[in-house]
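Let's take a walk through this model together, strand by strand, and then see what surrounds the ligand. Please have the sequence and the coordinates open as you read.

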Amino acid sequence: MSIKVGIIGAGGMAQYHIAGFKQAGAEILAIADLNEAAAKAAAERYGVEKSFGSVETMFDELPELDAVTIIVPNKFHAPLAVQALNEGKHVFCEKPPAIDAAGVQQMKDAAEKAGKILMFNFNNRARPESFAMREYVENGTIGKINSAQAKWIRRTGIPGFGGWFTNKDLAGGGPLIDLLHMVDLSMYLMGYPEPAYVLGQTFSDFIDDKNYKGPWGIPDAGGPTDVESAAHGFVTFKTGQVLTMQVSWAELVKREEVSVVFQGTGAGGKIERLFGVDGLDETSIDSCELYTQEGGNSVNRSVLTEPCEDMGRSRSAANFIHSITGKEKPINTPDQALSLMKIIDALYESAKTGKPVAC
Ligand SMILES: NC(=O)c1ccc[n+]([C@@H]2O[C@H](COP(=O)([O-])OP(=O)(O)OC[C@H]3O[C@@H](n4cnc5c(N)ncnc54)[C@H](O)[C@@H]3O)[C@@H](O)[C@H]2O)c1
């Protein structure tokens, strides 16, 4: 019997979730959005039978739903996930997991109580490059990753002005919380070690300058722009491993770069996407490389993988369905999401105090 899914939030990411769920054999029964017209329009666009203007109505009218996916502004991830888990549904939730670690803890507790699957859309783990690199971790080629550098940096990539992305109350923060993917991917390759301390700084230059606006988000909505535009940090782990991070929406860098570089005891490596223009994919260059010493020679290997323009988004959604049916292991866990959010909370705290913060 196929898994029956309800979509919560009719924004742009719904197309990838729907594609991935269908690939995995699930049925999409409905789309719910506070904006009922948006739910209806999306349902027509994606060929979904029902649409609702409230999540409660969807749960009342479709008790047969097995699972929901949450694709709404960050502030509502935790309350909606807890509500759905309490209704006995499996939950797939967009990133960031919540606006802080306390929110993730509530979600994790609700999932444990309900005995249901809670997963997050860390879609970059589901890119072909990441699957390939994990193989090299698992077969011992890379050895222990001592150190890694995570970057998602943009020159002119602020998502909208005064829409929810730049509103601290609704988003929880700026690029540090929005572009958390490469920090997550680094930690995934490192074996998700437990964080010890975080030292970091945030900057808010350019955050209200429209010359630094990217092509996403509701533009010029007139709300606050009270989040950071860039963050830099250093994380130590209880295992002795370390991670450096740089994330920005607006910073004077050459081009948009999305990368994890690491130094293992057996091999170093890199997964990288260089965008041609901030946020536009057609001219991007992907690379996946390993660096080893072999018989006295320095050897650089290029790992050739299938092109994946959607950066693993539909594959990640498919993994959620396969995790429910037992065909695959979940590609991420609530404990990992909690560690990640503790690092983000600690970096914001460190930026305020100027001191290293224990996680
Ligand atoms: N994984 C990725 O690559 C990726 C990319 C973009 C966005 N996202 C994430 O997806 C989420 C949504 O972003 P978006 O760009 O689609 O936003 P959006 O603003 O385009 O759409 C959000 C939708 O949610 C609806 N909504 C708001 N609050 C709601 C509630 N309480 N209940 C039901 N519906 C509600 C809004 O009416 C809107 O239609 C965010 O968490 C964002 O971080 C992830």
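A good place to start in this predicted model is the pair formed by S11 and strand S12 (residues 268–274), which run antiparallel and share seven bridges. A hairpin of three residues connects S11 to S12. To find the register, look for Ser 259, which faces Glu 272 in S12.

Now turn to the other partner. S7 and strand S11 (residues 257–264) are also antiparallel, joined by eight bridges. Here the residue opposite Ala 150 is Val 260 in S11. Strand S7 (residues 145–153) has a parallel partner too, strand S10 (residues 242–248), with six bridges between them. In that pairing, Ala 148 sits opposite Leu 243 in S10.

Stepping back, these strands belong to an open sheet of nine, ordered S14-S13-S12-S11-S7-S10-S9-S8-S15, with mixed pairing. At its edges are strand S14 (297–302) and strand S15 (357–358), each of which pairs on one side only. As a reminder, strands of a sheet pair through backbone hydrogen bonds, in either the parallel or the antiparallel sense.

Next, go back to the start of the chain. Strand S1 (residues 4–8) pairs with S2. The pairing of S1 with strand S2 (residues 27–32) is parallel and spans five bridges, and Lys 4 has Glu 27 as its bridge partner in S2. Is S1 buried or exposed? Five of its five residues are buried. In a regular strand the side chains alternate between the two faces of the sheet. For S1, one side carries Lys 4, Gly 6 and Ile 8 and the other carries Val 5 and Ile 7, and all of them are buried, leaving both faces covered.

A few backbone details deserve a look as well. Most residues other than glycine have a negative phi, and most peptide bonds are trans. Which peptide bond is cis? The bond from Lys 95 to Pro 96 is, with omega near -10 degrees. Pro 96 is found in the loop between strand S5 (90–93) and helix H5 (101–114).

Two residues have a positive phi without being glycine. Tyr 192 has a phi of about 45 degrees and lies in the loop between helix H9 (181–190) and strand S8 (195–203). At a relative accessible area of 12%, Tyr 192 counts as buried because the cut-off is under 20%. Phe 206 has a phi near 70 degrees and belongs to the loop between S8 and strand S9 (230–237). With a relative accessible area of 26%, Phe 206 is partly exposed.

Finally, let's visit the ligand. Of the 23 residues around it, Asp 33, Asn 74, His 77, Lys 95 and Trp 164 come nearest. Lys 95, already met at the cis bond, has a polar backbone atom 2.9 Å from an oxygen atom of the ligand. A nitrogen atom of the ligand is 3.3 Å from a polar backbone atom of Leu 34, while a polar side-chain atom of Asn 123 is 2.9 Å from a ligand nitrogen atom. The protein buries 81% of the 860 Å² that the ligand exposes when taken alone. By type, the shell comprises 11 nonpolar, eight polar and four charged residues. Both domain 1 (4–122 + 315–331) and domain 2 (124–310 + 338–358) contribute at least three residues each to the shell around the ligand.

Methods
Residues numbered from 1 in each chain as written. Predicted model: local features only at pLDDT ≥ 70, side-chain atom pairs only at ≥ 80, totals over all residues. Heavy atoms only, no water. Near = heavy atom within 4 Å. Polar contact = N/O pair within 3.5 Å; in protein donor to acceptor, adjacent residues only side chain to side chain. Areas by Shrake-Rupley, 256 points an atom, 1.4 Å probe, with all protein chains shown as cover. Nonpolar A, V, L, I, M, F, W, Y, C, P; charged D, E, K, R; others polar. Domains from an automatic or database assignment. Buried < 20%, exposed > 50% of the residue type's maximum accessible area, 1.4 Å probe, protein only. Helix = DSSP H or I, 4+ residues; strand = E, 2+ residues; numbered from the N terminus. Pairing = 2+ DSSP bridges.
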